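Here is a friendly note to read alongside the structure. Please keep the 3D view open and go through the points one at a time.

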Amino acid sequence: MGNGPRGVAALIVTWLAIFDAFFLHVANGHFDYHDALTKSLLFLEAQRSGKLPPNNRVPWRGDSALQDGQEAHVDLVGGYYDAGDNVKYGLPMAFTITTLSWAADFYAAELEAAGEMDNVRCAIRWGTDYFLKAAGKEKLHVQVGDPVKDHECWVRPENMNTPRTVLTIDKDHPGTEIAAETAAAMAAASLVFRGVDHTYSRRLLNKAKSLFKFAKAHRGTFDGECPFYCSYSGFNDELLWAATWLYKASRQPTYLKYITDEAIGANVAEFNWDLKYAGAQIVLSELFWEGQKELENFKQHADGYICSNHPDSPFHQVTLTPGGMVHLRDGANAQYVTGTSFLFSVYGDLLTRNKQVVQCGDKQITCAQVLDFSQKQMDYLLGANPQGRSYMVGFGTNPPKQAHHRGASVPPLAANEVVNCGMSFANWFNPNVPNPNELTGAFVGGPDKNDFFEDLRSSSSYTEPVTYANSLAVGALARLANRSHPI
């Protein structure tokens with residue numbers, strides 16, 4: 001090819017063709033899903049509290065909160081920090097473990113093929129070991145840390161000196177939502193360990209049964225985790241959710257009876273740490289297609305969830321950004337994106353397996369349409385969006401550099417170094433510079449309803465990650481990793 005005008009024009013055409021092919025490749029979802037899956041689990045390891053194992057894969061993290069539980073005379077070392085602060089909240093932690101266990105149960109073959117099942121089990125066990133210590137006889141320790149004091153100091157957990165206050169529910173101070181969600185987590189996790197550690201699996205299932213009994217017998221909403229994790233939906237969804245996992249894990253008629261005769265259902269358009277109906281309905285739909293026809297009503301409700309979310313449905317009601325992302329609320333909106341992706345992934349595979357479609361009025365939504373919508377939501381977060389950037393730290397094009405996260409934004413300090421809380425924000429929160437520690441794999445809060453995003457530590461609604469956004473992503477990523485090839 002010459003250097004004249006025709007040669008230049010031909011070169012431009014060639015490069016445009018290459019660019020178009022590249023763009024279409026990405027737009028059609030050919031990201032490195034395996035890499036995204038691996039990194040999504042690394043983020044959960046970065047959220048660990050307690051004595052870290054010798055095989056810790058996050059080099060800038062160290063042991064933290066080794067005295068947790070002392071004020072209540074109980075060992076509460078371990079578990080997870082939920083987001084960018086240093087408090088351990090029981091409700092979102094349990095939801096993280098339930099949804100991660102669901103992914104490990106439903107997509108076991110895909111996770112094994114990706115070589116990540118051992119890491120998933122370790123992530124689940126880090127939570128369930130903590131819950132076994134937190135759950136006593138008719139009591140459950142549900143929070144460690146003082147959110148007010150914690151938010152007055154921008155310090156990594158290894159050096160924090162804020163109060164480690166313990167909050168507890170019991171028969172006189174009930175918390176049905178948290179008790180039932182923890183029961184769901186233990187029951188779901190028991191399925192994951194059944195084939196590899198039967199004794200541990202039975203222990204988890206037995207604890208799940210006692211927690212469910214406690215949740216039912218002493219009903220009431222616990223507001224101690226407000227204003228961060230207030231239950232706005234009540235506790236009926238958690239009771240159904242827990243009974244669903246207990247029945248799936250035990251097949252005992254008492255749980256099926258609760259589901260069919262006592263549980264209160266609802267038609268919903270979202271799934272999150274506070275609202276579990278859609279998840280329970282999809283799990284029960286699987287059992288319906290396995291032959292339990294008394295669960296047909298739940299399958300109809302699951303169809304309703306799909307119809308409320310899919311853009312081709314005449315009953316579509318969930319907001320989509322101009323770029324096609326599910327947007328429910330500013331602040332950790334990525335959780336709704338990964339949650340939608342996961343539920344659509346599971347239900348799409350169930351529809352495929354049973355040769356079914358979803359009937360939304362006079363419009364049929366096929367299994368292929370359901371799975372395509374699942375993939376589009378995940379692809380948006382990985383880079384197929386108007387900003388052309390990834391919303392997973394350490395992955396893809398122009399990923400976030402300033403996650404709103406104490407551990408990632410404070411450089412490693414000596415173990416005995418005392419931090420001046422008054423200066424901590426000036427030193428590590430306010431500077432407009434990348435975090436010194438990469439919070440690999442974290443899905444940050446993500447863009448707003450107009451697809452706008454700013455990568456600033458101080459803009460927490462855009463940049464704060466949460467554990468349950470990642471736990472909800474694992475199943476969908478595992479499926480995609482085993483059905484696609486990266487560019």
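**Strands, a turn and some unusual backbone angles**

1. Let us begin in a loop: Glu138 sits between strand 2 and strand 3. Please remember as you read that this is a predicted model.

2. What is the phi of Glu138? The angle is near 55°, a positive value in a residue other than glycine. Is Glu138 buried, partly exposed or exposed? Glu138 counts as partly exposed because its relative accessibility is 39%, and the partly exposed class lies between the cut-offs of 20% and 50%.

3. Now look at what surrounds this turn. Strand 2 covers residues 135-136 and pairs with strand 3 in the antiparallel sense, over 2 bridges. Together, strand 2 and strand 3 form a hairpin that has 2 residues between them, and Glu138 lies in that turn. To find the pairing on screen, pick Ala135 and look across to Leu140, its bridge partner in strand 3.

4. Strand 3 deserves a closer look. This strand spans residues 139-144 and is mostly covered, with 5 of its 6 residues buried. While you have a strand in view, here is a general idea to keep in mind: in a regular strand, side chains alternate between the two faces of the sheet.

5. Which other strands does strand 3 pair with? One of them is strand 1, residues 88-89, which runs antiparallel to strand 3 and is joined to it by 2 bridges. Here Tyr89 stands opposite Gln143 of strand 3. Another is strand 4, residues 166-170, which pairs with strand 3 over 5 bridges, again in the antiparallel sense. In this pairing, Lys139 has Asp170 of strand 4 as its bridge partner.

6. Please also visit Asp451, in the loop between helix 16 (421-429) and helix 17 (460-463). Its phi is near 70°, which is a positive value in a residue other than glycine. Is Asp451 buried or exposed? With a relative accessibility of 5%, Asp451 counts as buried, because the cut-off for buried is under 20%.

7. Finally, check a peptide bond. Where is Pro227? Look in the loop between helix 8 (198-217) and helix 9 (236-250). The bond leading from Cys226 to Pro227 is cis, and its omega is near 5°.

Key: Residues numbered from 1 in each chain as written. Predicted model: local features only at pLDDT ≥ 70, side-chain atom pairs only at ≥ 80, totals over all residues. Heavy atoms only, no water. Buried < 20%, exposed > 50% of the residue type's maximum accessible area, 1.4 Å probe, protein only. Helix = DSSP H or I, 4+ residues; strand = E, 2+ residues; numbered from the N terminus. Pairing = 2+ DSSP bridges.
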